[in-house]
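Student: Please give me a close look at one residue. Then use it as a starting point and walk me through the rest. I would like the steps of reasoning too.

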Amino acid sequence: MANRGLSLRTLVFFGGATLMLAPAMVTATLYTGSLEQRGTELQAEKLTIRGELSANLLARRLYGVWIDVARMADLIDPTDQANARQQIKFLSRLDGRYSWLGIADLEGKVLAARDGMLEGASVAQRPWFRRGLDAPAAVDVHEAQLLASLLPASAEPYRFVDLAAPLRHDGSVAGVIGAHLNWKWVEEGMAALQAPGIDVLLLSRDRTVLFGPTDLVNKRLSVGSALAASRVTSAFSNERWPDGKDYFTVIVPSVGFADLPSFGWSLLVRQNADKAMASTRELIRSFWFILGAGDLVALALLLCAAQWLRTPLRRLSESAEAIVVNPGSRPPRQETRFEEAARLSNALTHMQSKLMGRS
């Protein structure tokens, strides 16, 4: 007996399933890939906007303080120490952002200062003094040096951003006004820029974290985005951080506004990639679930259709085999399910009648 081939039901079911599922799976894969890519792009846009706004807000706050110091320089006459001391005392009480505020002559000797701190001391070698002789200046954050022993004891070292401007008398530079902006004020501003699930990190020129998650503060970052911070205008990346988690990271390479002197700072805005894409991936999972459920229903219907096609042909095949063995066997069933089966049923009936007429 010849080897039996595949049944019609098998051919119809698997052939139909292939023709139905293959295009659907390819299309669904392309769609979900596009959906995830778009989700990533939306996250990049969101983080980029937050980063740019955060950098702008921080720069504007610093610019305001820097301008205030420059304006103080227009109010204070360095040749009138008594009046200068009263003005500094008043300004210090009016604005608590400064841990130290004072003026120095051209030689760097402090003439008047808040609470008398450092009066008579020389600040000639301090960067803020040297830069402040020429123009309004700003100096990157640093720990207290001359003031360390004069300020109240603290568990954490005092840190300042130095601001300075030249003092003029009769049209010429007569000294420098200097202000030590308390770093905690900057930290409070940065803390206000944070959002649930999103970290805004402030980096120094050498990639040290000035503000950010506590496990990263005062550490130098070696991730690719930090390395690129000084070389790009803005960028987005998905990279693994030292904690072993993947983050979407946006680089804002500079923090500046108007003519505020550059501190060399940059911002990194990061968000856990898994959490950022959770809603998109949940949508994709729901899509695959619905598609899978639809495919199962379609396959069940296809199997029923294959069985529907197979049944009359199987009965006719069994009748034909019986007629070959015994022409007087039971007549074939009159099939009316579809045209081809009806024609074959009629042909078998006529063939059986002729065979019986010859016998």
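Tutor: We start with Phe 14, which is exposed, because its relative accessible area of 52% is over the 50% cut-off. Keep in mind that this is a predicted model. Phe 14 sits in helix α1. Now look across to Asp 134. Phe 14 and Asp 134 are 120 residues apart along the chain, and 85 Å separates their C-alpha atoms.

Stay with helix α1 and turn to the nonpolar residues. The largest nonpolar core contains 52 residues. Leu 62, Ile 103, Ile 177, Leu 202 and Trp 265 have the most contacts inside this core. Helix α1 spans residues 8–75 and gives the most to the core, with 11 residues. A second core is separate and has 17 residues, including Trp 100, Met 117, Leu 118 and Val 139.

Pick Ile 103 for a closer view. Set aside its neighbours within four places in sequence. Ile 103 then touches, among others, Ile 76, Pro 78, Ala 84 and Ile 88. Its contacts also include Lys 109, Val 110, Leu 111 and Ala 112. Leu 167, Val 176 and Ile 177 are on the list as well.

Go back to the second core. Trp 100 and Leu 118 belong to this core. Trp 100 and Leu 118 also line the largest cavity. How many cavities of 30 Å³ or more does the structure hold? There is one. The largest cavity has a volume of about 80 Å³. Its lining also includes Val 123, Arg 126, Trp 128 and His 142. Ala 144, Gln 145, Leu 146 and Leu 147 line the cavity too. Phe 160 and His 180 are also part of the lining.

Next come the charged side chains. Side chains of opposite charge can pair when their charged atoms come close. This structure holds 14 salt bridges. Take the pair Glu 119 and Arg 85, whose side chains meet at 3.2 Å, N to O. Glu 119 is in the loop between β2 (110–113) and α3 (127–132), while Arg 85 is in helix α2 (residues 81–94), so this bridge ties together parts that are 34 residues apart in sequence. Glu 119 counts as partly exposed because its 31% relative accessibility falls between 20% and 50%. Arg 85 is partly exposed as well, at 32%.

A second bridge joins Arg 270 and Asp 199, with 3.0 Å between the closest N and O atoms. This pair links distant parts of the chain, 71 residues apart. Arg 270 is in strand β10 (residues 266–272), and Asp 199 is in strand β6 (residues 198–203). Arg 270 is buried, because its relative accessible area of 5% is under 20%. Asp 199, at 22%, is partly exposed.

A third bridge connects Asp 206 and Arg 220, where the closest N and O atoms are 3.2 Å apart. Asp 206 is in the loop between β6 and β7, and Arg 220 is in the loop between β7 and α5, so the pair ties together parts 14 residues apart in sequence. Asp 206 is partly exposed, with a relative accessible area of 35%. Arg 220 is exposed because its 54% is over 50%. Elsewhere, Glu 36, Asp 274 and Arg 281 form one network through salt bridges that share partners.

Return to the loop of Arg 220, between β7 and α5. Asn 218 is found in this loop, between β7 (209–211) and α5 (224–228). Asn 218 is not a glycine, yet it has a positive phi of about 70°. Asp 170 is not a glycine either, and its phi is positive too, at about 55°. Asp 170 lies in the loop between β4 (159–169) and β5 (172–182). Asp 170 is exposed because its relative accessible area of 71% is over 50%.

Finish in helix α5, which holds Ser 225. Ser 225 is buried, because 2% relative accessibility is under 20%. The side chains of Ser 225 and Glu 239 are joined by a polar contact of 2.4 Å. Leave out residues up to four places away in sequence. Ser 225 then touches Ser 237, Glu 239, Trp 241, Thr 249, Ile 251 and Leu 268. Compare the two ends of our walk: Phe 14 is exposed, whereas Ser 225 is buried.

Conventions: Residues are numbered from 1 along each chain as its sequence is written. Side-chain values use heavy atoms; hydrogens and water are left out. Helices (H or I, at least four residues) and strands (E, at least two) are DSSP runs, numbered from the N terminus. Buried means under 20% relative accessible area, exposed over 50%, partly exposed in between (1.4 Å probe, protein chains only). A nonpolar core is a set of buried Ala, Val, Leu, Ile, Met, Phe, Trp, Tyr and Cys residues joined through side-chain atoms within 4.5 Å. Contact means heavy atoms within 4.5 Å. A salt bridge is a side-chain nitrogen of Lys or Arg within 4 Å of a carboxyl oxygen of Asp or Glu. A polar contact is a pair of N or O atoms within 3.5 Å; within protein, one must be able to donate a hydrogen and the other to accept it, and residues adjacent in sequence count only if both atoms are side-chain atoms. On a 1 Å grid over the protein atoms alone, a cavity is a set of points where a 1.4 Å probe fits but cannot get out, and a pocket is an open set with protein on both sides within 12 Å along at least five of seven lines; lining residues have an atom within 4 Å of a point. Grid points are joined across faces, edges and corners, and a volume is the space filled by probe spheres set on the points.
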